Amino acid sequence: MPCDYENFITKVYQKTGINLALYKEAQMKRRLTSLYQKKGFASFNEFFQALNNNHELLNEFLDRMTINVSEFYRNGKRWDVLDKTILPGLITNNSNPKIWSAACSTGEEPYTLAMVLSKHVPLSRLQILATDIDENVLAKAKLGVYSERSLNEVPKEIVNKYFNAEGSYFKVSDEIKKTVTFKKQNLLADHFGGPFDLIVCRNVLIYFTEEAKEELYQKFSAALKPGGILFVGSTEQIFNPNTYGFETAETFFYRKK
Ligand SMILES: C[S@@+](CC[C@H](N)C(=O)[O-])C[C@H]1O[C@@H](n2cnc3c(N)ncnc32)[C@H](O)[C@@H]1O
């Protein structure tokens, strides 16, 4: 007989299309157990019955299972490598680069991309697709309003150029916002567009099982133009890039052959 958690996985999949079986089990189970216990439920079964009829609780569940932490210029040195080493060979002043920020959370990543790319290509030529599974983070991303703390790593001249202070908040300028299109997408189920020059997918693959990761690397590779780049998170090195038709361009950057 399937256990409480397995049953929960099946029911959540039927209700939302999200397959929790593709996320690392111990970590996900721990996060969700602590949520249902905090809410006063005794089992995953009880928890599902409740969230099945309660939109707010379903939202809380989605919020807990997707870890939304992000920041502008996250791991700043990597963005330097993108700027100084990767982009000059990838993008010329008159190209129309197609870029995808996959699992973009609250928007800091695609907006950082636009800011870095603005040094290489006119903003009017930029098209950045930014996707996430979580509608709540996408709504915040579209607003483009952030606290001062989230700007900690942003270079001073970029703050002056691309943010407008509004009280104690900072708003991303319209010329940057215009380059980004936000869309809901489940990486583990939905179609990938493309072909892209650059795909940035950082700090989400760590939550997935090895099988799910392998399939995603194949799909990212297929969605890139030859010579295109996949930029991953700073704990997400690909150990056998050849298997997916990649070569290592720099640490955490893989070039499609
Ligand atoms: C830790 S954040 C990373 C944000 C950003 N990429 C960064 O590195 O700062 C992980 C994001 O992955 C999203 N996510 C989780 N599972 C997903 C899936 N199956 N498809 C698309 N996005 C997913 C979450 O909603 C969350 O916004």
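Colleague: Why is Ser-150 called buried?
Modeller: Ser-150 has a relative accessible area of 17%, and buried means under 20%, with exposed over 50% and partly exposed in between (1.4 Å probe, protein chains only). The value falls under the cut-off, so Ser-150 counts as buried. This is a predicted model, in which local features need pLDDT of at least 70 and side-chain atom pairs count only at pLDDT 80 or more, while totals for chains, interfaces and linings use all residues. Residues are numbered from 1 along each chain as its sequence is written, and side-chain values use heavy atoms, with hydrogens and water left out.

Colleague: Where does Ser-150 lie, and what lies 2.8 Å from a polar atom of its side chain?
Modeller: Ser-150 belongs to the loop between strand 3 (145-147) and helix 8 (156-162); helices (H or I, at least four residues) and strands (E, at least two) are DSSP runs, numbered from the N terminus. The atom 2.8 Å from its side chain is the backbone oxygen of Ser-147.

Colleague: What makes the approach of Tyr-23 to the ligand a polar contact?
Modeller: A polar contact is a pair of N or O atoms within 3.5 Å; within protein, one must be able to donate a hydrogen and the other to accept it, and residues adjacent in sequence count only if both atoms are side-chain atoms. Tyr-23 places a polar side-chain atom 2.6 Å from a nitrogen atom of the ligand, and that distance therefore meets the cut-off. Backbone atoms also take part: an N or O atom of Ala-103 is 2.8 Å from a ligand nitrogen, and a polar backbone atom of Arg-202 is 2.9 Å from a ligand nitrogen. Taken alone the ligand exposes 610 Å², and the protein buries 99% of that.

Colleague: Which residues come nearest to the ligand, and how does its shell divide?
Modeller: Of the 21 residues around the ligand, the nearest are Tyr-23, Ser-70, Arg-74, Asp-132 and Asn-203. The shell divides into nine nonpolar, seven polar and five charged residues.

Colleague: What is notable about phi of Asn-203, and is the residue buried or exposed?
Modeller: Phi of Asn-203 is positive, about 60°, although the residue is not a glycine. Its relative accessibility is 16%, so Asn-203 counts as buried. Asn-203 is in the loop between strand 7 and helix 10 (210-223).

Colleague: What else is found in the loop between strand 7 and helix 10?
Modeller: Thr-209 is found there, and at a relative accessible area of 15% it is buried. Thr-209 and Lys-24 are 185 residues apart in sequence, yet their C-alpha atoms are 5.0 Å apart in space.

Colleague: How do you know that Ser-105 is buried, and what is its phi?
Modeller: The relative accessible area of Ser-105 is 6%, which means that it is buried. Phi is near 50°, a positive value in a residue other than glycine. Ser-105 sits in the loop between strand 1 (98-102) and helix 6 (108-117).

Colleague: Why is Phe-163 called buried, and how far is it from Ser-221?
Modeller: Phe-163 has a relative accessible area of 6%, so it is buried. Phe-163 lies in strand 4 (residues 163-166). Phe-163 and Ser-221 are 58 residues apart in sequence and 34 Å apart in space, C-alpha to C-alpha.

Colleague: What makes the peptide bond from Gly-194 to Pro-195 cis?
Modeller: Omega of that bond is near 0°. Pro-195 lies in the loop between strand 6 (180-184) and strand 7 (196-201).

Key
Near = heavy atom within 4 Å. Areas by Shrake-Rupley, 256 points an atom, 1.4 Å probe, with all protein chains shown as cover. Nonpolar A, V, L, I, M, F, W, Y, C, P; charged D, E, K, R; others polar.
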